[in-house]
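Me: I have just opened this one and would like a slow walk through it. Could you take my questions as they come?

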Amino acid sequence: MTKRSTEVEESSLPLKKTKLDTKQSNNRENVNKSAKGISEGNLVKSSKLTNRQKKGDPTPIRNTKVKQFTSNAKKIQLSSEETAKNVEEAFAKSLKTGSPTNIRDVKVKQFSPKTKGKPDRNGQITEKVEDWVKFKKEKKELKLKRKQGKSNFDIVTKAKRMGEDLRRKTLKGGEEKRAEIINQLHNLLKGHYTKFVLAHDTARIVQWLLKYASNIVVQQISKELIPSSVDMLQSKYGIHCVKRLLKYGTADTRSQIIDCMYGHAVKLASHAVSSPVFEYAYSTWATPIPKTISRTGILRRSIQKQQGPRREAHTATKSLKLATLSATKANLVRILNKSLLNSCLVHTVLHQFLSECTEEDRKDMVSQLAAHIVIISNSKDGVRAAMQCIWHGNNKDRKVIIKKLKEDLVELSKHEHGHCTIVTLLDSADDTVLLNKIIISELLKHAKDLAVSECGRKVLLWLVAPEDSTIFHPVFINELKLGREASTSKKSPEIRQKEILGYAISPLLELIEEDAGFWLSNASLAIEMNAIVKAGAENDLAKVYESIAGVLVDPEWKIKEKEKEILGIEHGGIHMMLKKLAQRDKMNLENGNTTFGSVLVGKLNEDVLAEWIKFNRGCFLLVTLFENSSDQTQETLKAKLTNLSKKA
């Protein structure tokens with residue numbers, strides 16, 4: 001037995017007849033001897049003999065290659081004739097494939113001729129279907145036969161037919177027919193509701209019953225379904241029935257469903273299917289006590305149905321507090337890993353956890369929440385958690401937050417709670433260059449859109465008038481101050497505000513110059529315009545004042561309020577804003593800047609003055625202009641009023 005194959009190449013030169021005959025006879029003897037002791041995997045590779053060579057023709061053998069493969073295996077016994085035949089077949093196959101072949105493993109593969117189908121589980125290739133109509137019919141019959149083998153098939157079939165009639169808006173026979181179908185359907189499904197609400201087809205029937213049935217029938221269905229509320233919430237079909245129960249059920253029914261959720265807050269809040277409905281039940285229908293219990297369930301699994309406030313649960317002892325915070329973090333990470341943060345309940349727990357946890361846990365949680373800053377900014381407690389992420393996050397976390405806010409910046413700025421996140425970022429971020437590149441520039445592009453929004457204008461005004469108590473609530477200003485002092489920010493607030501104002505003031509003044517009529521269309525926009533002009537006092541405001549005065553002296557300038565149009569000069573909010581602009585002229589005179597009074601008086605003509613003096617507010621505005629203007633402006637105004645009185 002040889003350990004490796006050997007390859008013998010025979011010469012292509014002519015050989016003598018005696019040597020050829022001797023070599024061929026020796027090869028045949030070797031083949032016959034292999035019948036007694038051939039090993040498994042032992043293969044000799046040689047060229048096919050031609051007909052002449054079989055007859056003993058002394059034609060020379062050319063380019064013949066012989067390969068011999070050996071292995072240690074048990075000897076097999078074969079007859080000499082069978083062995084010779086199998087060896088020749090193996091030789092022929094090895095010449096084609098170029099790989100060794102075991103004689104015992106030689107199998108004939110059978111393929112179906114002219115078939116293009118894929119092999120089935122058994123390796124057989126299916127024939128091409130010729131009659132598709134017949135094939136589909138057989139498939140349909142087979143499917144029906146398989147369904148008939150299941151339990152409740154007759155009930156489900158009958159219920160589907162009745163459900164199709166029930167869901168129609170217009171039904172033959174009117175409401176009497178609908179009530180009759182409801183009673184029949186309820187009697188048919190009674191006792192099977194817990195099964196049917198988990199199936200895709202029968203769950204629809206139960207929803208229609210809950211929608212159209214009377215209160216008595218709804219209560220009977222609810223009584224059967226309420227014990228299975230947790231299972232229904234985790235079913236992608238059952239959740240719709242829970243929604244219907246909450247929507248069409250009584251207050252007692254809703255209370256019982258919410259009570260069934262006790263002890264399952266973490267499971268339901270971290271489940272992709274149940275999380276939205278659980279949030280709907282919590283935020284819409286839950287009373288304060290169930291809300292507290294649900295929060296406690298997430299804060300610590302072992303604390304269930306705890307009626308007291310959350311702080312009493314973990315501040316009694318230090319060890320209990322640490323255990324509670326540790327369990328809370330594990331539950332929050334579980335919810336966070338599934339990106340199920342769009343929940344007021346989760347936002348509340350996040351806010352409470354970040355307020356009470358250790359510094360190390362807070363840093364770890366902030367780094368994970370930075371990428372989800374937009375989602376958690378959609379609720380009152382959630383935005384407080386987002387503000388803490390900004391305060392306690394490092395520069396890397398803040399960069400992530402800034403980049404994530406870019407996509408939803410405008411919508412978040414106009415959100416009731418989300419705008420606080422943007423304001424906090426403007427108040428705490430040290431990298432004002434990056435802030436201008438991503439946040440401030442985007443805000444200025446949509447300045448008019450933000451200006452007409454109640455919350456959006458607060459973001460816009462923070463750029464030019466931060467910490468102004470006439471615009472922002474003192475409680476909010478104090479909250480930002482305390483958070484900034486406890487934050488990781490190093491830059492002083494005065495430097496940060498000055499840098500932000502430098503980026504924002506010029507584009508905002510240009511907007512007023514281009515379209516002053518927009519900023520004078522209502523009182524809210526006028527207040528914003530006044531704040532922008534006040535912040536830009538160091539700039540040259542001559543063009544801005546000219547644009548504003550051009551709108552004021554326009555006789556067609558009117559403001560629509562409560563479906564009525566009034567002259568702009570007679571509007572109370574606009575009047576107060578114009579007086580503030582005029583009162584600031586004393587400071588402008590001291591600084592040597594252009595005054596609003598001088599520009600406006602220069603544009604006043606007799607027709608405008610005649611119209612203004614008819615109104616009380618018009619006269620008061622002229623008095624304010626006269627009191628705060630320079631001597632030259634006063635003389636000009638006197639002369640115009642004198643000429644007007646002479647003509648009268």
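Reply: What follows goes from the overall picture to a few helices, a hairpin and some single residues.

Me: Before anything else, what is the average pLDDT here?

Reply: This is a predicted model, and the average pLDDT over the protein is 79, with 76% of the residues scoring at least 70. Over residues 1–25 the pLDDT is below 50, and this stretch has 37 contacts in the model beyond near neighbours in sequence. Residues 101–116 also stay under 50, and for them the model has 15 contacts beyond four places in sequence.

Me: Ok, and how many helices and strands are there?

Reply: The secondary structure comes to 37 helices and seven strands. The protein has 648 residues, of which 40% count as buried. If you take the contacts between residues at least 6 apart in sequence, 70% of them join residues at least 24 apart.

Me: Let's look at helix packing. At what angle do α17 and α19 pack?

Reply: Helix α17 (residues 318–337) and helix α19 (residues 359–369) pack at an angle of about 10 degrees, and their axes are 11 Å apart. Angles under 35 degrees count as roughly parallel, so α17 is roughly parallel to α19.

Me: Which residues make that contact?

Reply: From α17 the contact is made by Lys329, Leu332, Val333 and Leu336, while α19 brings Asp361, Asp364, Met365, Gln368 and Leu369.

Me: And how do the axes of α11 and α14 cross?

Reply: The axes of helix α11 (residues 238–248) and helix α14 (residues 274–285) come within 10 Å and cross at roughly 10 degrees, which makes α11 roughly parallel to α14. On the α11 side Ile239, Val242, Lys243 and Leu246 take part, and they meet Val277, Tyr280, Ala281 and Trp285 in α14.

Me: Changing topic: is α26 enclosed by the rest of the structure or open, and why?

Reply: Helix α26 (residues 456–464) is largely enclosed by the rest of the structure, because eight of its nine residues are buried. Those buried residues are Gly456, Arg457, Val459, Leu460, Leu461, Trp462, Leu463 and Val464.

Me: Trp462 caught my eye, since Asp427 touches it. Where does Asp427 sit?

Reply: Asp427 is in helix α23 (residues 418–428). With a relative accessible area of 2%, Asp427 is under the 20% cut-off and so counts as buried. Leaving aside residues up to four places away in sequence, Asp427 touches Trp462, Glu467, Leu480, Arg484 and Arg496.

Me: What does the side chain of Asp427 make a polar contact with?

Reply: The side chain of Asp427 makes a polar contact with the side chain of Arg484, at 2.6 Å.

Me: Glu467 was on that list of neighbours too. Where is Glu467, and is it buried or exposed?

Reply: Glu467 lies in the loop between α26 and α27 (474–485), and at 34% relative accessibility Glu467 counts as partly exposed. The phi of Glu467 is near 60 degrees, a positive value in a residue other than glycine. As background, most residues other than glycine have a negative phi.

Me: What about phi of Ser339?

Reply: Ser339 has a positive phi as well, near 55 degrees, and is not a glycine. Ser339 is found in the loop between α17 and α18 (344–356), and at 45% relative accessibility Ser339 counts as partly exposed.

Me: Now the strands. How do β6 and β7 run?

Reply: Strand β6 (residues 558–561) and strand β7 (residues 564–567) run antiparallel and are joined by four bridges. The bridge partner of Ile559 is Ile566 in β7. The two strands form a hairpin with two residues between them, and Lys562 in the turn has a positive phi of about 55 degrees.

Me: Last one: is Gln388 buried or exposed, and what does it touch?

Reply: Gln388, which is in helix α20 (residues 380–392), is buried, with a relative accessible area of 8%. Not counting residues up to four places away in sequence, Gln388 touches His351, Leu354, Ser355 and Gly393.

Key:
Residues numbered from 1 in each chain as written. Predicted model: local features only at pLDDT ≥ 70, side-chain atom pairs only at ≥ 80, totals over all residues. Heavy atoms only, no water. pLDDT = per-residue confidence, 0-100. Contact = heavy atoms within 4.5 Å. Buried < 20%, exposed > 50% of the residue type's maximum accessible area, 1.4 Å probe, protein only. Polar contact = N/O pair within 3.5 Å; in protein donor to acceptor, adjacent residues only side chain to side chain. Pairing = 2+ DSSP bridges. Axes fitted to C-alpha atoms, helices over the stretch in contact; angles between N-to-C directions. Parallel < 35°, antiparallel > 145°, perpendicular 65-115°, else oblique.
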